[in-house]
Amino acid sequence: MTKKGSLVVVGTGILIGGDISVRGKAQISQADIVLYAVPDAVSKQWIHTLNSNAIDLSRHYEKNVSRLVTYNNMTQEITDAVKKGLNVCAVFYGHPGVFVYASHQAIEELRSEGYTATMEPGISAEDCLFADIGIDPGKTGCMSIEATQFLFYKRSFDPYSLTILWQIGLIGDHTLKLTKTNKYQAGLQILSKVLLKHFPEDHQVIIYEAATISIFPPRIEYRTIRNLVDVELTAISTLVIPALETAPLDHEILEALEITEDSIKAVLSDKKQ
């Protein structure tokens, strides 16, 4: 039997008031209480116009406290409200399931205890990135990963695939504290050395920041790996590393499938140059 009280998690998208879905907007308006974490005052005001019973979760952030502690506190506030029998709408910036620890934790906990808990999709920074820069991730494949994870863990890296490194302004920080958000230079230097194992130093990369207000353009700044280390970054900066070139064919696989290289070229020749 489903318990009284529910949670729906929605995302605002990136552009304030413009990216949210009709369904997501309705969920905010109809909720008993709205708990939100969005990055600016305009977004907060917009949420309050939809539902006056709205509470800002960002007050849980503290300078010398790990963000994991902050996210746990957010999760606790969300689940406590649901367990009081309220229909709760939790609102997060962008897509509510992308780089949002509290949303997943709250849903998992509540479902395990018999409450209804769902998530509505939202427009993420990655969606905006593909549109703004004009990149099709289906062309080369795409590795999308948090920048510090990329550095800290041994992974198979494919230079023939598009690579997106999120939170590049936090690269190299393991403390998860707000005071470390501008200490990225050492991490960038090491990242550059790692990339130079796979790319020439004049390989172009892109610093990207999605536009949050329609009157301002996104940040799309081209750099070479050689001059990446002195770039100015923010907490929302993303590093886009285009593929080196087309990946070489695996002739052993082609032979097993009885496919020739010429037949592949013939199919691809129909593409517009």
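## Val 65 and the loop before H3

In this predicted model, Val 65 counts as partly exposed because its relative accessibility is 21%, and the buried class ends under 20%. Val 65 sits in the loop between E3 and H3. Not counting residues up to four places away in sequence, Val 65 touches Thr 70, Leu 176 and Lys 177. One of these partners, Leu 176, is 111 residues away in sequence, yet the two C-alpha atoms are 7.9 Å apart in space.

## Helix H3

Helix H3 covers residues 67-83, which makes 17 residues. At 1.5 Å a residue the helix should span 24 Å, and its end C-alpha atoms are 24 Å apart, so the expected and computed spans agree. At the N-terminal end, Ser 66 acts as the cap: a side-chain oxygen of Ser 66 lies 3.1 Å from the backbone nitrogen of Leu 68. After the helix comes Gly 85, whose phi is positive, near 90°.

The buried residues of H3 are Arg 67, Thr 70, Tyr 71, Met 74, Thr 75, Glu 77, Ile 78, Thr 79, Ala 81 and Val 82. An α-helix has 3.6 residues a turn, so residues three or four places apart point the same way. The buried residues of H3 pack against four strands, E1 (6-11), E2 (33-37), E3 (54-56) and E4 (87-92), and against helix H4 (101-112).

## Ala 37 in strand E2

Ala 37 belongs to strand E2. With a relative accessible area of 14%, Ala 37 is classed as buried, because the cut-off for that class is under 20%. Leaving out residues up to four places away in sequence, Ala 37 touches Leu 57, Met 74, Val 91, Phe 92 and Tyr 93. Met 74 is also among the buried residues of H3. The C-alpha atoms of Ala 37 and Asp 56 are separated by 6.1 Å, with the two positions 19 residues apart along the chain as a sequence separation.

## His 95 in the loop between E4 and H4

His 95 is found in the loop that runs between E4 and H4. A polar atom of the His 95 side chain lies 2.9 Å from the backbone nitrogen of Gly 97. Beyond residues up to four places away in sequence, His 95 touches Val 100, Met 119, Pro 121, Gly 122, Ile 123 and Ser 124.

## Helix H5

Helix H5 spans residues 125-133. Its buried residues are Cys 128, Leu 129, Phe 130 and Ile 133. These residues pack against helix H6 (137-140) and against strands E6, E7 (162-166), E8, E9 and E10 (238-241). Just after H5, Gly 134 has a positive phi of about 85°.

## Arg 223 in strand E9

Strand E9 covers residues 219-224 and includes Arg 223. E9 is also one of the elements that the buried residues of H5 pack against. Arg 223 has a relative accessible area of 17% and is therefore buried, as the class takes in values under 20%.

The side chains of Arg 223 and Glu 221 are joined by a polar contact of 3.0 Å. Apart from neighbours within four places in sequence, Arg 223 is in contact with His 203, Gln 204, Val 205, Asp 230 and Val 231.

## The largest pocket

The largest pocket has a volume of about 1600 Å³. Its lining is made up of 44 residues, and those closest to the pocket centre are Tyr 61, Tyr 71, Phe 99, Gln 167 and Ala 235. By class, the lining residues comprise 26 nonpolar, 13 polar and 5 charged.

At least two lining residues come from each of H3, H4, H5, strand E6 (142-146), helix H7 (147-152) and strand E8 (204-209). H3 gives the most, with 4 residues. Tyr 71, one of the residues closest to the pocket centre, is also listed among the buried residues of H3.

## The cavity

The count comes to 1 cavity of 30 Å³ or more. The largest cavity has a volume of about 40 Å³. Its lining consists of Thr 12, Gly 13, Ile 14, Leu 15, Ile 16, Gly 17, Ser 43, Trp 46 and Tyr 93. Of these lining residues, 5 are nonpolar, 4 are polar and none is charged. Tyr 93 lines the cavity and is also one of the residues that Ala 37 touches.

Notes:
Residues numbered from 1 in each chain as written. Predicted model: local features only at pLDDT ≥ 70, side-chain atom pairs only at ≥ 80, totals over all residues. Heavy atoms only, no water. Buried < 20%, exposed > 50% of the residue type's maximum accessible area, 1.4 Å probe, protein only. Polar contact = N/O pair within 3.5 Å; in protein donor to acceptor, adjacent residues only side chain to side chain. Contact = heavy atoms within 4.5 Å. Expected span 1.5 Å × (residues − 1). 1 Å grid on protein atoms, 1.4 Å probe; cavity = no way out; pocket = protein on both sides within 12 Å on 5 of 7 lines; lining within 4 Å. Points joined across faces, edges and corners; volume = space filled by probe spheres on them. Nonpolar A, V, L, I, M, F, W, Y, C, P; charged D, E, K, R; others polar.
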